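Me: I should like to go through this structure and ask, for several of its descriptions, on what criterion each one rests.

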Amino acid sequence: RCAKADSQRKPAKEWTLMDNASNLLTSLLNGGSMGSMPIAEGAVSDLFGKPLFFALYDWFLEHGPVYKLAFGPKAFVVVSDPIVARHILKENAFGYDKGVLADILEPIMGKGLIPADLETWKVRRRAIVPGFHTAYLEAMVQVFDNCAACTTEKLEKLLSIAEDNNMSHIELDMESEFSNLALDIIGLSVFNYDFGSVTKESPVIQAVYGTLSEAEHRSTFYIPYWKFPLARLLVPRQRKFQADLKVINDCLDGLISRARETRQEEDVEVLQQRDLSKTEDSSLLRFLVDMRGEDASTKQLRDDLMTMLIAGHETTAAVLTWAAFMLAQNPSMISKVQAEIDSVLEGRRPRLEDLKKLQFLRLCVAESLRLYPQPPLLIRRSLKPDTLPGGHKGDPAGYSIPKGVDLFISLYNLHRSPDFWEEPEKFNPERFLTPKASDGITGWAGFDPTKGQGALYPNEVMSDFSFLPFGGGPRKCVGDQFAFMESTIGLCMLLQKFDLELRGSPEEVEVVTGATIHTKAGLWCRLRRRQSCTLSIES
Ligand code: HEM
């Protein structure tokens with residue numbers, strides 16, 4: 001399957017005990033070596049001026065789909081092969097934990113799902129997943145609609161002011177608009193809190209952005225200096241971080257105790273059948289507090305909420321940003337999306353059943369997630385020795401992995417692999433409708449939303465793990481359908497009313513990365529009231 005990548009591999013080098021100090025002891029203890037795994041020796045200068053995942057892509061093309069990256073004393077295995085990814089994420093999921101990611105996030109998310117130890121994770125995952133039931137998702141469409149309407153109203157007001165001054169358009173940073181929109185949505189849907197960030201500033205909003213920025217800073221910082229005993233007192237950045245955390249924690253504690261005071265205990269099945277259109281609070285917190293037999297502590301609930309706040313906010317904002325970035329370069333695609341929206345909605349707001357008909361728009365969201373996966377890398381650490389499958393021709397026996405090895409599964413590489421995608425760099429939303437070629441190498445599994453595959457959006461199962469924007473296996477994203485629908489509705493309501501183009505050239509939009517891929521200085525766009533749509537939906 002990966003013949004091309006195999007032929008491009010450099011002659012393999014041994015990962016010997018002397019290779020790096022950090023894995024020396026582990027290798028000795030476990031008797032493991034990583035066989036003939038190719039080694040990319042990164043110079044720190046390789047990383048200057050470009051995000052890590054770009055460099056990992058270049059090395060993938062050079063060394064093949066499984067290679068070791070050595071940076072001085074640090075070493076990682078970089079995986080860009082779907083069969084190996086499936087092994088790590090699904091078949092041997094509990095042979096790995098989140099490693100360095102959990103180290104970074106634990107001070108913020110505590111025992112929330114992402115950094116939690118296995119025992120806690122099992123209990124909390126079982127409690128949280130039923131909360132994303134069908135009626136909840138249906139009710140959330142109303143939340144997405146209302147929040148997106150706030151954004152479009154704000155933009156319309158700004159446009160009216162511009163038009164009064166004889167200007168036909170406004171220029172604004174769409175990344176920050178999407179960030180506010182996603183924050184308002186996650187606040188209402190997860191804990192029934194109205195941040196109102198589209199229209200106002202508040203200390204809680206400032207604290208959330210401060211905390212997100214610290215999480216990002218930590219994910220790119222080489223030495224975990226914040227673990228030093230006095231860092232939180234002495235380093236101004238850490239003092240601010242502690243203060244921000246306190247603001248959010250106090251806010252969440254208040255919401256949790258209010259929800260507890262009004263608890264109405266019910267079995268899960270009863271909760272899932274509640275008519276949420278008639279309740280004032282349809283949030284996930286309400287569900288978790290009302291669930292019979294659910295006795296999580298306030299601290300645990302707070303960790304759960306904080307985790308979903310962070311996991312669900314930046315990711316969706318980034319999907320909207322990159323979808324807008326790609327569409328803004330393709331006026332004919334914008335017209336096509338608008339024709340679809342007009343024909344399905346006839347000027348009204350979208351409802352759940354409309355999503356089924358907005359196929360091209362849904363595929364635009366999926367294609368944006370292919371090109372810009374959020375996060376671009378999944379992080380794992382082996383908990384015991386393992387043998388990776390020889391998922392490709394080059395190494396039929398697979399590589400042995402000692403305990404304690406850090407791995408990056410590069411979604412960015414998988415989603416742009418020339419071995420699995422025709423013209424991988426091209427934004428082509430309809431690629432998902434093309435059946436896989438007979439050689440099984442190029443093309444797509446043939447996603448057909450009309451043939452009852454049970455999903456509106458393509459996923460990792462249909463693609464044999466070559467497209468996994470929400471991960472896969474037991475630790476797959478709990479909010480995948482929520483996020484897909486949220487992004488589709490956000491884009492739908494924007495493009496229903498406005499035309500969008502980039503202010504400058506695409507190259508001027510610099511990419512930076514922390515946990516997600518975002519821009520260095522904003523996604524500056526020109527926004528106009530829509531011109532009449534001339535293309536038919538088929539064109
Ligand atoms: C996990 C992506 C939105 C909550 C994940 C993972 C990915 C992902 C790739 C797997 C991480 C791993 O295996 O290491 C995304 C994207 C989103 C999104 C691209 C938006 C487009 C959301 C939303 C929520 C959410 C809206 C909640 C409301 C979570 C949680 C986990 C997770 C709790 C951890 C699951 C576990 O470990 O059991 N997400 N996510 N995500 N996501 Fe999302």
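Me: How do you know that the length of helix H8 agrees with the expected span?

Reply: The expected span is 1.5 Å times one less than the number of residues. For the 18 residues of H8 (residues 174-191) that should give 26 Å, and the end C-alpha atoms are 25 Å apart, which agrees. Helices here are DSSP runs of H or I of at least four residues, numbered from the N terminus. The model is a predicted one, in which local features need pLDDT of at least 70, side-chain atom pairs count only at pLDDT 80 or more, and totals for chains, interfaces and linings use all residues. Residues are numbered from 1 along each chain as its sequence is written, and side-chain values use heavy atoms, with hydrogens and water left out.

Me: Why is H8 called largely enclosed by the rest of the structure?

Reply: Buried means under 20% relative accessible area, with exposed over 50% and partly exposed in between (1.4 Å probe, protein chains only). Of the 18 residues of H8, 16 are buried, so the helix is largely enclosed.

Me: What is found at the two ends of H8?

Reply: At its start, a side-chain oxygen of Asp-173 comes to within 3.0 Å of the backbone nitrogen of Glu-175. After H8 comes Asn-192, with a positive phi near 55°.

Me: What makes Cys-477 a donor of the iron atom of the ligand?

Reply: Donors are N, O and S atoms within 2.8 Å of the metal (3.2 Å for Na, K and Ca); water is not among the atoms, so sites may look incomplete. The SG atom of Cys-477 lies at 2.3 Å and is the only protein donor of the iron. Cys-477 sits in the loop between helix H18 (411-415) and helix H19 (480-497).

Me: Why does Asp-480 count as buried, and what does its side chain contact?

Reply: Asp-480, in H19, has 14% relative accessibility and therefore counts as buried. Its side chain makes a polar contact (N or O atoms within 3.5 Å; within protein, one must be able to donate a hydrogen and the other to accept it, and residues adjacent in sequence count only if both atoms are side-chain atoms) with the side chain of Lys-476, at 3.3 Å.

Me: Why does Thr-316 count as buried, and with which residues is it in contact?

Reply: Thr-316 belongs to helix H14, and its 2% relative accessibility makes it count as buried. Contact means heavy atoms within 4.5 Å. Leaving aside neighbours within four places in sequence, Thr-316 is in contact with Ala-182, Ala-483, Glu-486 and Ser-487.
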